[in-house]
Amino acid sequence: MGKDSKAKDSGKGMGKQSGGGSEESATKGKGKSGKASDGLGTCTYVKARHILCEKQGKVNEAYKKLQDGWLSNGDKVPPAEFAKLAAEYSECPSGKKGGDLGWFPRGKMAGPFQDVAFNTPVGVTSAPFKSTHGYHIILSEGRKN
């Protein structure tokens with residue numbers, strides 16, 4: 001009988017230890033959230049324009065025009081100029097509106113598109129990237145929570 005009561009005691013001791021462990025993980029969680037203070041990727045909504053092409057060659061052609069006009073000089077692409085290229089090159093229905101997607105929440109856009117849209121600083125044009133829909137270039141126009 002003595003052995004049984006000993007086993008119960010050690011069980012209680014383990015319970016206390018796991019309680020201490022959960023306090024540690026809570027502290028670690030706080031450290032992670034403090035890390036994302038750069039503001040990128042932490043907002044809830046993004047306003048963006050994009051150019052979508054089925055073929056990589058076509059999106060690269062559009063990107064070359066952006067580079068030749070602005071990016072290679074270190075300039076930002078004016079939204080009105082991006083809109084003209086979106087109207088000319090984009091195969092998305094938004095192309096008719098200059099590629100304007102308006103404000104959209106996190107979780108609305110598919111994987112890589114969301115990652116790029118939420119991590120591109122305002123006023124910056126992304127490099128071309130692939131998603132399940134084709135090849136995109138994004139111009140970030142705003143972010144809010």
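This report walks through a predicted model of a protein, from its overall layout down to a few single residues.

## The overall layout

The protein is built from 4 helices and 4 strands. Following the chain from start to end, you meet them in the pattern α-β-α-α-β-α-β-β. There are 145 residues in the protein, and 31% of them are buried. The accessible surface comes to about 9,000 Å², with carbon and sulfur atoms holding 54% of that area. Contacts also reach along the chain: of those between residues at least 6 apart in sequence, 67% link residues at least 24 apart.

## The sheet and the helices on it

A good place to rest your eyes is the sheet. Its 4 strands form an open sheet in the order β2-β1-β4-β3, and the pairing is antiparallel. At the edges sit β2 (100-105) and β3 (129-131), each of which pairs on one side only. From one strand to the next, the twist averages 50°. As background, strands of a sheet pair through backbone hydrogen bonds, either parallel or antiparallel.

Look now at the edge strand β3. It is joined to β4 (residues 134-144) by 3 bridges, and the two run antiparallel. Here Lys130 stands opposite Tyr135 in β4.

Two helices can be described by the strands they cross. Helix α2 (residues 56-69) lies across β1 (45-53) and β4, at about 45° to β4. Helix α4 (residues 111-119) lies across β1, β2, β3 and β4, and runs at about 40° to β4.

## The nonpolar cores

Which residues touch the most other members of the largest nonpolar core? In this core of 15 residues, they are Ile51, Leu66, Phe82, Tyr89 and Ile137. At least two residues of the core come from each of β1, α2, α3 (79-89) and β4. Apart from this core lies another, of 9 residues, including Val46, Phe113, Phe118 and Phe129. In general, nonpolar side chains in soluble globular proteins tend to be buried together.

Ile137 shows how such a residue is surrounded. Beyond its neighbours within four places in sequence, Ile137 is in contact with Arg49, His50, Ile51, Val59, Ala62, Tyr63, Leu66, Phe82, Thr125, Ser126 and Pro128.

## Three residues to visit

The table gathers the accessibility of three residues.

| Residue | Relative accessible area | State |
|---|---|---|
| Ser140 | 1% | buried |
| Thr125 | 9% | buried |
| Lys84 | 53% | exposed |

Ser140 is found in strand β4. Ser140 counts as buried because its relative accessible area is 1%, and buried means under 20%. A polar atom of the Ser140 side chain lies 3.3 Å from the backbone oxygen of Thr120. Setting aside neighbours within four places in sequence, Ser140 is in contact with Lys47, Ala48, Thr120, Pro121, Val122, Gly123 and Val124.

Thr125 sits in the loop between α4 and β3. Is Thr125 buried or exposed? With a relative accessible area of 9%, Thr125 is buried. Its contacts, leaving out neighbours within four places in sequence, are Leu66, Leu71, Val77, Phe82, Ile137, Ile138 and Leu139.

Lys84 belongs to helix α3. Lys84 counts as exposed because its relative accessibility is 53%, and exposed means over 50%. Between Lys84 and Gly99 there are 8.8 Å from C-alpha to C-alpha, while the two are 15 residues apart in sequence.

Methods
Residues numbered from 1 in each chain as written. Predicted model: local features only at pLDDT ≥ 70, side-chain atom pairs only at ≥ 80, totals over all residues. Heavy atoms only, no water. Buried < 20%, exposed > 50% of the residue type's maximum accessible area, 1.4 Å probe, protein only. Contact = heavy atoms within 4.5 Å. Areas by Shrake-Rupley, 256 points an atom, 1.4 Å probe, with all protein chains shown as cover. Pairing = 2+ DSSP bridges. Axes fitted to C-alpha atoms, helices over the stretch in contact; angles between N-to-C directions. Polar contact = N/O pair within 3.5 Å; in protein donor to acceptor, adjacent residues only side chain to side chain. Core = buried A, V, L, I, M, F, W, Y, C linked by side-chain atoms within 4.5 Å.
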